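Colleague: Please take a close look at one part for me: the place where the two chains meet. Keep it simple, as I am new to this.

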Amino acid sequence: MAAAGNEKFPDMTRLNKKSRQDIERCLNEFQGRKDLVLDPDLMKPLDRITGGAAFLKDNGVDKIFKLDRADKQIKLVGCDRRVYLVRPKINIMKIIADHISSEQSRGENRKYRIVMVPRRLFLCEMILEQEGVLGHCDLDEVDLNLLPLDTDILSMETPEFFKSFYLDSDLTLLQTVSKSVHTIQGITGEIPNVYCLGRAGKMCYELLKQMTGERLIQPDYPRSEIGHLFLIDRGVDFVTPLCSQVTYEGLLDDMFGIQCGCVEFGKDITQKDQPVKVRLNSEDEMYEAIRCRHFTNVFDFLKSKAQDLQSLSDKRKEFTKVKDMKDFVANDLRKLNQSKANLTYHIGACEQIIQKKNKGDFVEYMQTEHSLLEGTALRENLNYIEESINKQNSLMSNLKLMCLTSLTNDGIPARDYKSLKTQFVQSHGFEQLITFHNLKKVGLLREQEVSSQSRVSAGVAALTRNSSFKNIRKRLNLIPSVDVDLRSPCDMSYVFSGAYAPLSCKLVEQVLQREGFSGMEEITKHIPGSVHADVKLRTPGKGIKGMTNQPGRPAPVVLVYFIGGCTYSEIAALRFLGKQQGYKFIVATTSLFNGNSMLNTVIEKSPL
Amino acid sequence: MASANWLPLGHVYYEKMELYSLEWGDQIDLAKFIVAPAPYGGPLALMRDDSNNPNLSGNVKPIIHAFTSSGKPIGQLRVCSLFEAKDTKVLDVRIFRSYKGTGIAVLTCNYRIFMVNCIDDLRVRRLAEVPGLNSAPTAWGIITMDGQSQALVAKQNELYLVDHGGQYQQQSIDVSVPAEAIMDMAISFNNKYLALFTESGIVWIGSADLKKKYCEFNTKSHQRPSQFIWSGPGAVVALWDKLMLVIGPDKDYISFQNDSTVSLVEEEDGVRIVGRDNVEFFRKVPLVTEQIFKIASMEPGAMLFEASREFERESQRADEYIRTIKDSLDIAVSQCIQAAGHEVEPSKQRALLKAASFGKCFLTDYNPEPFFNMCQMLRILNQVRNPNIGIPLTYSQLEHLTMAVLIDRLVLRKYFYLAIRICQYLKLPESEGASRILAHWACYKVLQKNEDDEQVAYAIRDKMGDTPGVSYSDIASKALECGRTDLAIRLLDYEPKAARQVPLLLQMKKEHIALNKAIDSGDTDLIYFVLMRLKDTMPQGEFFMAIRNIPVALSLFLQNRGPYLKTLKFRKFPGGPIFPGKVLNKGHPIFNNAKESYMKARNEFAAKQVEDEIKLLKYQRRLEEELRRPYMDLSVHQTVHKLIVDNSHKMADQIRKEFKIPDKRYWWLRIDALAEAGEWMELDKFSKTKKPQLGMEAFVEACLKHGNKREAMKYIPRVLPDKKVQCLIQMGDLKQAAEAAFENRNEDDLNKVLRKCTLADRAIEDQIKGYKQQLAGGRR
């Protein structure tokens, strides 16, 4: 086995290949020319998998329509076969049923096939039956789950997971998560060591075990390409996504929104009329260099890069021979221009970010956030939040701070909670009561439970008592004691300006060090939904002694699966950890998100 | 010498050996019983033969006793009523081996033959009628040839072959006295040979297709033998009470006189003789055994065996023997291994295997597998031959029967432990070996009704653990079949696959458990499956009550049935989610409902909020009417803000009081609104109100937000010194900011300003650095 560190990442594009084959099979099974009606949710992932419409045309697709969720009366004109590629959702089924029944009543004869992604649900079948169209259509499923966005990032791109799992307690998608791990194992070999954190993690592992089920061949653990698997319930660490991101990639996501590994830059950055899509991955060397940097460290780098490029393009002035010139034009020029364009975009983006950060009370906001994480000056922070609500600051930032307060203090003291709620409703409207209800259900924002004994002393106790976050923070050293140099960081807390190391990543670090949870009881007892480890192959010298009698060691490749979503900051922290400790981290998640997009799924949208 | 008790029959040898001594001796006189034995070392069934005893006939129901081959009772059953076929009586039965499995043929009293080819597939075929048959055929049998089973029926001296296609063929055979009636017939185990017994005691032996005749043997007995069967393919055995006659195909014969009534069991390679005191096995000496043990045999196997014996005696002759068979040593080893298999005595087996192993030493590339396999098989055979188990299988029978069938038989006889040990010994995969047996065991366990549910469940769980291939749901359904619902539920608890648990639970009408299991499984499909079942089977009210306390089920159901259940949400689930945003604007009833629900749920806070909202909506409606501007759907803050911007200060004030807007908020609100409206005069006036709630920096901020730097400047002097720097920075006046910071002697502020400096602000930067030095100097 190769030594840790210089091993390559297991090739995750194999997942893509598999998905492509699945789609191909599904399309070709339905013989003849056909139209394709696409769920808008699936457009971007499908685009990434197939690499464009040409693939679809090759597989017999005639016209491609977008399934419009708003307009039920739309008329689709096409050939006599139609494939729907959709998520298994109730409203979509209803739309499809409308299509079919109206076309049937008009006497149009068509064959329909409904392909559900990632799996066919009994419920959907039931609805189609109720609508009386089940007889007219074939049902099929295509299991597109994880999408390789980069060498080390896999995402299911299902942001609705957060809402459906935490708010609606719908476990359907959890099965998809397990299935996706199963698929990965099919490619890389069964992963010997599994660590589950939180309820979803554990459930997911249970499901996975059922899927692996009765196997005939004993898995060959030492040869498995991935040595460790973390299944982390987002509920274990809601704190991290709520923190403002300060790595470049994180900021891009916060400001512009990265979707499916692409970001769209508007006119003010590109100086072009059409918004430009830029693909963000490790193929772009420059981006690779800056993506995980602390933002303060990006601009200087870009500046020097600009100088490099300038000197490179200046070189052509020195060419004396025609051949040199020819070579340059043939090879370097295109690349150079591409780099130049990218550089301009990134510099433009930086400028925008700086501009935005300079506006308003960004500094105070960050101070409050950090002080909440450190657990100091709760009173002042509550005052700040109240002021911020009063000042009619953005709903999101107010909510994020409130959630942070609740999470770091085991809830907001009852009196403050009521007053904040009143204030918030006065500011943002009555329907936000539903938001509060939702957040409470998810576990992001709640009021402190008052012990029934005495209400007077409870108020005092609330301010002084130790919350579970406080305990975890202390034991895991989440707040670094030394100043972290943001330019050449020595601690993963650099991803939050040295103020806080992401809890989830710190847990990963600790568990990997021990290869298990032994000795972490004081920490794990504070983790909601408890933990579970299944270690089958130990790295010699780690964990409990005297258990190293199995041959071989696990591959130093770690798959960290964030069930419920993951932020770019956490990825940055894990990449840092990987470099520091000689692991390769692959991050898989249901969707990449940030504090805003996380909350966005559960808040009540204002009718305005 | 092993060959000492061999009996020659023509040029082959037969042997008779004792398998078991029987202990039933005195209690059971075989003469008074009807004996029905099963081949392949199977058990014996005995029924008292009352036909000769008219006194006893009547209503006494006969008892069938079952014994193992070693005479150990394994059970008895009472025949409840002798079935009679509808209008016909069964006269005679033949059990035969068809190409599909075990077949049964019956002869009814109207002399027709019906046949079932395979007992697992009960398709009855009626065979063709034998012409002119008006009394029972004198003899009949079933022959399976060319993949088809046919009946051979003898009507006096005529022979007919009938099949189920309605055809019959009269057969003619080459008999010396053709007029004689055929009294009995025997078809060999392998369906190749046929033996007939005629009226005058002549035994005719020939091929099954009647084309070839091997011999005719006159027994001179006019009495029909009580049993007339084949012993392997090589000899026919006829039994008259105590006399047993063995006839070879070349007219050779051996006769035995048994000392008691015996019963014969036809086996593939011989005959089992069940007597009063013992069970014996009569068979042709297998070829290899003969080759090795025949006196003066020069076969390599014989030499090797001899060599091995000499070696034991530490005699140098061993070497000589080995040398003589040097070239055919591999054959010798194989012969010894084969012969060991045919031996019944473990000591003989051991001697032969030792010889084989001895011979193997001289071979370099001999495949060890046959030896190894033989050792395994013999161990197993010896185990099952043990009188306690009583399955006297020979090696060739086992080969034909296969190991899987043997294990099944052990399981059926409830020798679970032995079966499992055999599986483990043979290293069979768990899923088809041990766990299958465990499943059988568990099913058997379930049938033991005298044991406590909990104990049974615990015992089963304890034994089975998580063995792959075991389906607890199968066992549970067995338990359910015999009416042990509680046990079934307990067992289902152990079933890891919820998809298997749930349907069974529903079948048991344990809907709640099913629902919980479905939820635990995390399989939404399954949950829906249960929910829909519940909804269909339960009255609506009960259904809602059932799911209201199960959040997962409730939320799934609501997702599905959203619109239809909206009202239900109010009434039945107070404190739950209130209502969708969309209906907010519509009207008050829904709000009043909500308020009531909240009151009931003792959520005063929420109730108050709803009340406020109702109030606000009323106001907004009024405002819209009075001011002809849209106010609907705004929050309190927004409403007041808008009112101020629109210059309706009085109204704003009223709402402020009504909703108890805190002073601080009102200040923020008013400052911003005034700045937005550009009411700078008003703003200035407001800033001079007594008891200001906010510092002047709020004004500066508001002015800047709405882009009026000049107005902002006005408030700067009134900003408290410690906030001044920040304000000035916001205004972009770094120079003044630096000065202010210096005035406050605040180094932090100076640094803050310094950080804001860009390339263009060199001068200020220098200035700040100067200040900083001065500060540092001053401190010193």
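Modeller: Here is a walk through the contact between chain B and chain A.

This is a predicted model, where local features need pLDDT of at least 70 and side-chain atom pairs count only at pLDDT 80 or more, while totals for interfaces use all residues. Residues are numbered from 1 along each chain, chains are lettered from A, and side-chain values leave out hydrogens and water.

Start with the size. The contact (heavy atoms within 4.5 Å) takes 45 residues from chain B and 41 residues from chain A. Together the chains bury about 3,800 Å², 57% of it on carbon and sulfur atoms. Buried area is the accessible area (1.4 Å probe) lost when two parts are put together, summed over both.

Now the polar side. There are 10 residue pairs in polar contact between chain B and chain A, both residues at pLDDT 80 or more. A polar contact is a pair of N or O atoms within 3.5 Å; within protein, one must be able to donate a hydrogen and the other to accept it, and residues adjacent in sequence count only if both atoms are side-chain atoms. The count of salt bridges between the chains is 1. B:Glu701 pairs with A:Lys391, their closest N and O atoms 3.4 Å apart. The rule for a salt bridge is a side-chain nitrogen of Lys or Arg within 4 Å of a carboxyl oxygen of Asp or Glu.

Several helices of chain B each supply at least two residues of its side, among them H15 (511-521), H20 (604-627) and H23 (663-677). H18(B) gives the largest share, 6 residues. Helices here are DSSP runs (H or I, at least four residues), numbered from the N terminus.

Finally, confidence. pLDDT runs from 0 to 100 for each residue. The mean for chain B is 78, but pLDDT stays under 50 over its residues 562-586.

Note on methods. pLDDT = per-residue confidence, 0-100.
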